[in-house]
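These are my notebook entries on one protein model. I set down what I looked up, entry by entry.

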Amino acid sequence: MTASDDLLRRIEQEPSLATALAWPGDFDVERRDPIEKLALPTGIPLHPIAGCGAGGTYYLYGEAGAEERPVLYADSEGQATLIGADLVEAIAARTAPNHVPHVPDDEHLPYELLFGNDLG
């Protein structure tokens, strides 16, 4: 089991941790229904793991147990970005003291640039 898989399981099993991440981190494991189904042209799976108050979705990239599982964030406006090399890094970024929820950064890219034209 990888650090990402372990951390996700811990968040799911500890309600107080899940609540703390939902606010102010805006990483809510109860919001796993993405607005749009996304698919990578490579066929590598994306697993929705959390959502935010603005309608975006966080995804773990790759199969469960894979050595590398980057975290992607896709917002409700058709933009997406890589937010961490793994879930540990992504959570650290979401809970940093200077993090402001619901504010997109300049590194968001249109879905098509990250996922190709096949949006599922």
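Is Arg32 buried, partly exposed or exposed, judged by its relative accessibility? I looked up Arg32 in this predicted model and found a relative accessibility of 26%. Buried requires under 20% and exposed over 50%, so Arg32 counts as partly exposed.

**Entry 1: the partner of Arg32**

I next looked for the partner of the Arg32 side chain. Arg32 and Glu12 meet through their side chains in a salt bridge, with 2.6 Å from N to O. I noted that this pair links distant parts of the chain, as Arg32 lies in the loop between α2 and β1 (46–51) and Glu12 lies in helix α1, 20 residues apart. Glu12 has a relative accessibility of 41%, so I entered Glu12 as partly exposed.

**Entry 2: further salt bridges**

I then asked how many salt bridges the count gives. The count comes to 4 salt bridges, and I looked up two others among them.

Glu14 and Arg10 form a salt bridge between their side chains, at 3.1 Å from N to O. Glu14 is partly exposed, as its relative accessible area is 32%. Arg10 also counts as partly exposed, at 46% relative accessibility.

In another salt bridge, the side chains of Arg31 and Asp28 meet at 3.3 Å, N to O. Arg31 has a relative accessibility of 42% and counts as partly exposed. Asp28 has 18%, and because buried means under 20%, I entered Asp28 as buried.

**Entry 3: α1 against α2**

Two packed helices are described by the angle between their axes and the distance between the axes. I therefore looked up both values for helix α1 (residues 3–13) and α2, which pack at an angle of about 100° with their axes 5 Å apart. The range for roughly perpendicular is 65 to 115 degrees, so α1 is roughly perpendicular to α2. From α1, the residues Arg10, Ile11 and Gln13 meet Pro15, Leu17, Ala18 and Leu21 of α2. Sorted by class, this contact of α1 with α2 has 5 nonpolar, 1 polar and 1 charged residues. Arg10 thus appears twice in my notes: Arg10 takes part in the contact with α2 and in the salt bridge with Glu14.

**Entry 4: α1 against α3**

I repeated the search for helix α3 (residues 87–94). The axes of α1 and α3 cross at roughly 55° and come within 8 Å. The two helices are therefore oblique to each other. On the α1 side I listed Ala3, Ser4, Leu7, Leu8 and Ile11, and on the α3 side Leu87, Val88 and Ile91. By class, the contact of α1 with α3 has 7 nonpolar, 1 polar and no charged residues. Ile11 of α1 is named in this contact and in the contact with α2.

**Entry 5: Ala20**

I looked up Ala20, which lies in helix α2 (residues 15–22). Ala20 is partly exposed, with a relative accessible area of 42%. Ala20 and Thr95 are 75 residues apart in sequence, and their C-alpha atoms are 9.3 Å apart in space.

**Entry 6: confidence**

Last, I looked up the confidence of the prediction. The protein has a mean pLDDT of 78, and 78% of its residues reach 70 or more. Among the elements, β1 has the highest mean pLDDT (92) and strand β5 (residues 109–110) the lowest (50). Over residues 100–104 the pLDDT is below 50, and this stretch has 6 contacts in the model beyond near neighbours in sequence. Where pLDDT is low, the predicted coordinates should not be read in detail.

Definitions and conventions:
Residues numbered from 1 in each chain as written. Predicted model: local features only at pLDDT ≥ 70, side-chain atom pairs only at ≥ 80, totals over all residues. Heavy atoms only, no water. Helix = DSSP H or I, 4+ residues; strand = E, 2+ residues; numbered from the N terminus. Buried < 20%, exposed > 50% of the residue type's maximum accessible area, 1.4 Å probe, protein only. Axes fitted to C-alpha atoms, helices over the stretch in contact; angles between N-to-C directions. Parallel < 35°, antiparallel > 145°, perpendicular 65-115°, else oblique. Contact = heavy atoms within 4.5 Å. Nonpolar A, V, L, I, M, F, W, Y, C, P; charged D, E, K, R; others polar. pLDDT = per-residue confidence, 0-100.
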